[in-house]
Amino acid sequence: MNSIVVNGLRFHYPAQTEPTLDIGQLEIARGERVFLYGPSGSGKSTLLSVLAGIHRPQSGTVAIEDTDITALTARQRDHFRAHHIGYIFQQFNLLPYLDCIHNVALACEFSNVRRQRLQQRNISPEDEAARLLNQLGISHEMHSRRASELSVGQQQRVAAARALIGSPELIIADEPTSALDADSRLSFLKLLFAECERAGSTLLFVSHDAELASQFDRSLSLSALNQSAEA
Amino acid sequence: MKLFKLAWASLLSRKANALLTVVAIAISVMLLLGVDRVSQQTRAGFANTISGTDLIVGARSGPVNLLLFSVFHIGYPSSNVSWDAYAHWREHEQVAWSIPIALGDSFRGHPVIATDHNFFDHFQYGQRQSVQFAEGHPFEHSAEAVLGARVAKEQGLRPSDEVVISHGTGSVSFHQHDEDPVQISGVLAPTGTPLDNAVFIPLVGLATMHGEHQAEEPQSPPSFSQQSVPQEDEEHEHEHEHEHEVALDSEQPIDSLSAFFVGLHSQPRAIFMQRMINTWGQEPLTALMPGATLQELWRTLNMFERVLAIVSGFVLLTGLIGMLATLLASLQERRREMAVLRSLGAGPGTIFSLLVSEAFVLTVTGIGVGVALLYAALYALAPWIEYSFGVVIHISWPSVVEWQRMAIVLVAGTVISCLPAWRAYRNSLADGLTIKL
């Protein structure tokens, strides 16, 4: 069973004629932890936007959890992302005016599927958020603090909790450790791996930092995958 | 609902900007409603000054002038109506009642109205309310006077006190009828009209004060409208102490009048009567129907109302543009927020409605604060407006027009926010999941 299957993907931005992405085939198995690396400008962010269903490729198919998202409307892709994909940015993941608990629970506000998964286990989004935050090393007294009062490392762990709440099938992390120092980088990865395993989520981790590659099941070079002229 | 909560939390994190926007909208709403409120109240106050009177008749002049001096005690009659003319029309078969009035004197700045018992019997204001006495009774002798409610309150006078009426209008008068003190017989109940500010004396009393009955040529009008002319003063300084107890039912208490109010048996006949009086050959007279002339007067004042409404419209526009500027300026710093929401599955439509609902919250709050400010101002200023202009401000719930204006502000605020919302929509499509710093 595969979490991601890409076939004959070609994508270019409206103003351009040369494709930014040209990927013949890419398969990521369910539950796999994949490291995707490439220099800046190799189309990492664009690929992630396509996988998350923000951008739609001009040709080819992208199947996430056996759903061909290129066949969905923009609205359906937004819903699909809310239900099945957890996304972690490089920085500034949180809404500065909400506290930690509500930043994490926010993911459930946009997805009834995530809420239902918690309901089946008889857990409220707030309780699950608190549990995840504790697991990720955000102690209880921090939970009601505003996101803007946290350190960058703490913010990234709260962001990971938000991506993981409600156990989405796929976690996409776009250079989430680039703002962290070496020590917190590794401890963040360990926590992220543990929680992905617990939730049974596939992890696609993007970074230009090749040192981290050894921590993953598999590593892919985007430069090798992407056959477009620019890559 | 979750969206609304989110917009609210986001707004609270930008308190200072939000507060300024709310204040700008509140002030414009207050002005917009206040202008309308005050003009409505003034209009109602004007309309309430006189009721049940079908015609007001004076010497030939502009109807607005006649209305102003006879009802509002503003300005002077340019000439007088002879008693003979009054006697003629008083006896007309259509006329049910009539009230003669003679103006020109004052008491410590309050206008003095010389009239007769018909005034207390027939004059009506507001919704056909008759004049009531708070204390005492109408004058019964020539040396008695009735005070309006405010005069009594301000001057601290009660029935049986004695006062001296002065010549001419204005609070400072050089000539006082020192020799003619009058006794207060009664005080009127408050009416919220110019009556509150007036002093009422019998026609005979006025004539006595001016020594009219001793004048060489009693028939030559006008006899008292020129009191301010110095040469005339000598004529008035006659000795007439013995006349103080002149009976009020004199056949011709005075030679001429400023105007007279007429009530008809049949109100629809007023237009025919007006025409008849206006075209009367024996003396040039002007008859007016109070309702119609009040309308005419109001049209003149309407100009001010319109100018004020236009100004407050522009203030509102400024407030809304201020909100627009604040929203547009916040867009750049909120691009991250938008990208985060997009990553969580919020569609561009959600981003759009987030901004619109923020503007909605700002506008609703602004309107609420504006209405609160308006009521606070009305409560604070109502006594002053009543004192200065004789207009009673009734503090009531917002009218239909005011609700409509509030709705217009709300719609305008919401519509105007579509511009930044549209830009946020476009941004969120273009940015996707990249965070622009």
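**Exercise 1. Find out whether B:Thr208 is buried or exposed, and where in chain B it sits.**

Solution. Start with the relative accessible area: for B:Thr208 that value is 5%. A residue counts as buried when the value is under 20%. B:Thr208 is therefore buried. Keep in mind that we're working with a predicted model here. Next, locate the residue: B:Thr208 belongs to helix α7 of chain B, which covers residues 203-209. Finally, look at B:Pro253. In sequence, B:Thr208 and B:Pro253 are 45 residues apart, yet from C-alpha to C-alpha the gap in space is 9.1 Å.

**Exercise 2. Do the same for A:Thr177: work out its place, its burial and its contacts.**

Solution. Place comes first: A:Thr177 is in a loop of chain A, with β7 (170-174) on one side and α7 (182-199) on the other. Now burial. The relative accessible area of A:Thr177 is 2%, and the cut-off for buried is under 20%, so A:Thr177 counts as buried. Last, the contacts. Skip the neighbours within four places in sequence, and A:Thr177 touches A:Arg185, A:Phe188, A:Phe205 and A:Leu212.

**Exercise 3. Sketch chain A as a whole: its secondary structure, burial, contacts and surface.**

Solution. Begin with the building blocks: chain A has eight helices and nine strands. Then check burial: 55% of its 231 residues count as buried. Now take the contacts in chain A with a separation of 6 or more; 75% of them link residues 24 or more positions apart. To finish, turn to the outside. Chain A exposes about 9600 Å², and 47% of that comes from carbon and sulfur atoms.

**Exercise 4. Describe how chain B and chain A meet.**

Solution. Count the residues: 25 from chain B are in contact with 22 from chain A. Then take the area: the two chains bury about 2100 Å² between them, with 69% of it on carbon and sulfur atoms. What about charged pairs? One salt bridge turns up across the interface. B:Arg342 and A:Asp78 form a salt bridge, and their closest N and O atoms are 3.1 Å apart. There are also three residue pairs in polar contact across this interface.

Now see which parts of chain B touch chain A. Helices α1 (2-12), α11 (335-343), α12 (348-389) and α14 (418-431) of chain B each supply at least two residues. The most come from α11(B), which gives seven. Sorted by type, the residues on this side of chain B are 13 nonpolar, eight polar and four charged.

Definitions and conventions
Residues numbered from 1 in each chain as written. Chains lettered and ligands numbered in written order. Predicted model: local features only at pLDDT ≥ 70, side-chain atom pairs only at ≥ 80, totals over all residues. Heavy atoms only, no water. Contact = heavy atoms within 4.5 Å. Buried area = accessible area lost by both parts, 1.4 Å probe. Salt bridge = Lys/Arg side-chain N within 4 Å of Asp/Glu carboxyl O. Polar contact = N/O pair within 3.5 Å; in protein donor to acceptor, adjacent residues only side chain to side chain. Helix = DSSP H or I, 4+ residues; strand = E, 2+ residues; numbered from the N terminus. Nonpolar A, V, L, I, M, F, W, Y, C, P; charged D, E, K, R; others polar. Buried < 20%, exposed > 50% of the residue type's maximum accessible area, 1.4 Å probe, protein only. Areas by Shrake-Rupley, 256 points an atom, 1.4 Å probe, with all protein chains shown as cover.
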